[in-house]
2 protein chains.
Amino acid sequence: MEHIRERFSSAPAGEVWAGDDAAVLRPPAGPLLLTVDTLVEGVHFDLRFDTAAQVGTKSLAVSVSDIAAMGGRPLHAVVSLGLPSARGDDERAGVLDGVESAAWRFACPVVGGDVTSAPVLTITVAVTGTVDGEPGPVLRSGARPGDTVLVTGPLGGAAAGLGVLRDGAAAGAGAGPGPVLAAHWDPTPRVAEGMAARRAGATAMLDLSDGLALDLRRLATASGVGVVVEEVPVADGATGEEALTGGDDYELVFAAPDLAAVAAAFATAGLRPPIVVGRCTDDPGERRLGDGPLPEGGWEHTW
Amino acid sequence: MEHIRERFSSAPAGEVWAGDDAAVLRPPAGPLLLTVDTLVEGVHFDLRFDTAAQVGTKSLAVSVSDIAAMGGRPLHAVVSLGLPSARGDDERAGVLDGVESAAWRFACPVVGGDVTSAPVLTITVAVTGTVDGEPGPVLRSGARPGDTVLVTGPLGGAAAGLGVLRDGAAAGAGAGPGPVLAAHWDPTPRVAEGMAARRAGATAMLDLSDGLALDLRRLATASGVGVVVEEVPVADGATGEEALTGGDDYELVFAAPDLAAVAAAFATAGLRPPIVVGRCTDDPGERRLGDGPLPEGGWEHTW
């Protein structure tokens, strides 16, 4: 608790952040979004490949990404950190350094939390958010036949980066982090993109944590539509397989009826244009990739 | 995620609970309270002594208790559950049974969460809350010299219950749970009591998770006052030592200037009267128990 308070107690007037039993915050005018995610050492990350600070940053990114997937913006985070007692102060400081820098970058201040013992490094981040103005939050269940399916960027980079680390290539060569390593180490929640998609009339959206094939199945199932994938944008250095079933990219996938409105909203916001990957169909059982079936597999978070 | 959605997806109109990237909730009219706590197997509990359901219930109780300590009422919870993969379905179902029944009892619906692998059972619960009307949330820092210090019930029961379990007495005798076992297994967050204390003008409050001696030191330090403890109410079956330094009671301790107002507020709410334990003094370094020093020690959450 003291370690959280030291860093995260400077609240604006009328609010109380870390240091009391609960944070006291101004409520949003719009809907309150709430999500929680946990990263567990040995399941979601490996400290041979990632620094404690990178893991701290990613833990906040993952939860903020859930807010982005609703078309919202993050408000506040609380962090619960489990640390092996044998590893001590440096690791705790590293994680909290990463969380703190992410809080600034993602405009999501940490307002409380706790630190406890745990057998492996475990970081849980709950994030609140809101949606400003109309339309409201974008669920995964609103896609309609005929909607276009888009993603906010090329895919597979994070999985390719993890592959490089597992093969030891990066460590051996001592090279600077290439794009795929950056995608693995430092995913960026697509908050501005999610807001642009919402304003452009997106009917369904989620963030790609488990691979396009699996997450798009989820969107189609929740919406009761079919889906046909025509082209998958592959990140530089990644394979087509990684782009389709690799995890942890944290790009957004969304369905929208009006492509011109989408292009205009992204351009107005100064964002890279989203990429069309396919379309929704009126056969709720259809899951197609080109002429074949969409793969069943998804990303497994285990080492 | 599916396991959370199955149980906790029935939102009222206009809200979305488990099943999307984030829950969508109506914001409170008053301040938004936010807290998070984690229970880790081997640190905070031992499955030789507690069932998975009891641990699930306690995980929600602990976070709701933080809201109670602000004089607030809980609104919603999100739960992140880490499970050893070898232990499987029964343990997960047990924890979620406990969480679900606690959600009903404490009027704090679970609106989302996730389930992941972890080396030991790990439960993190983030809870939102609010405060209705004036005065606002009660911090730990507002106590003034001359305030009376009260607790909402006799203390030490949870520590005594844990002692019974560790000694094997209960298991050996096969006896029904006595009051101290109930205090250990099933702590009740004092939400109504915290609201009554707030309405009666409480100046500082926290919940007793680490023992009266330590938590009262925190209150005094945050408030910049001294504190003199005159009498510690001991739960039936507990020792004076357990009442002073035992953990996990989750009664509230608070400071208030007007004892008559406190008595009236608790009586109006139909609550057991709180118990005077001491008073705040104008010497910020004073930490006294009767004629001697208040013990330094507190509850250590380790097995």
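Chain B and chain A each put 48 residues into their contact, where two residues are in contact if their C-beta atoms, placed from the backbone, lie within 7 Å. Please keep in mind that this is a predicted model, in which local features need pLDDT of at least 70 and side-chain atom pairs count only at pLDDT 80 or more, while totals for chains, interfaces and linings use all residues. Residues are numbered from 1 along each chain as its sequence is written, and chains are lettered from A and ligands numbered from 1 in the order in which they are written.

**Where the chains meet**

- Strand 2 (32-40) of chain B supplies the largest share of the side that touches chain A, with eight residues.
- Other elements giving two or more residues to that side of chain B include strand 3 (73-83), strand 4 (110-117) and strand 5 (122-130); strands are DSSP runs of E with at least two residues, and helices are runs of H or I with at least four, numbered from the N terminus.
- By class, this side of chain B has 26 nonpolar, 14 polar and eight charged residues (Ala, Val, Leu, Ile, Met, Phe, Trp, Tyr, Cys and Pro count as nonpolar, Asp, Glu, Lys and Arg as charged, and the others, Gly among them, as polar).

**Symmetry**

- A turn of 180 degrees with a shift of 0.0 Å along the axis lays chain B on chain A with an RMSD of 0.0 Å, superposed by least squares on the C-alpha atoms of residues with pLDDT of at least 70 in both.
- That is the relation of a two-fold axis.
- The copies meet through the same surface, because 100% of the interface residues of chain B are also interface residues in chain A.

**Domains of chain A**

- Chain A splits into domain 1 (2-130) and domain 2 (148-293), with bounds from an automatic or database domain assignment.
- Taken over C-alpha atoms, the centres of domain 1 and domain 2 of chain A are 25 Å apart.
- In chain A, 15 residues of domain 1 are in contact with 18 residues of domain 2.
- Helix 2 of chain A gives the most to the domain 1 side of this contact, with eight residues.

**A helix pair in chain B**

- The axes of helix 2 (residues 52-68) and helix 3 (residues 89-105) of chain B come within 6 Å and cross at roughly 40 degrees; axes are lines fitted to C-alpha atoms over the stretch in contact, and angles run from 0 to 180 degrees between N-to-C directions.
- Among the residues making the contact are Val55(B) and Leu60(B) of helix 2 and Val95(B) and Val99(B) of helix 3.
- By class, this helix contact in chain B has 10 nonpolar, seven polar and two charged residues.
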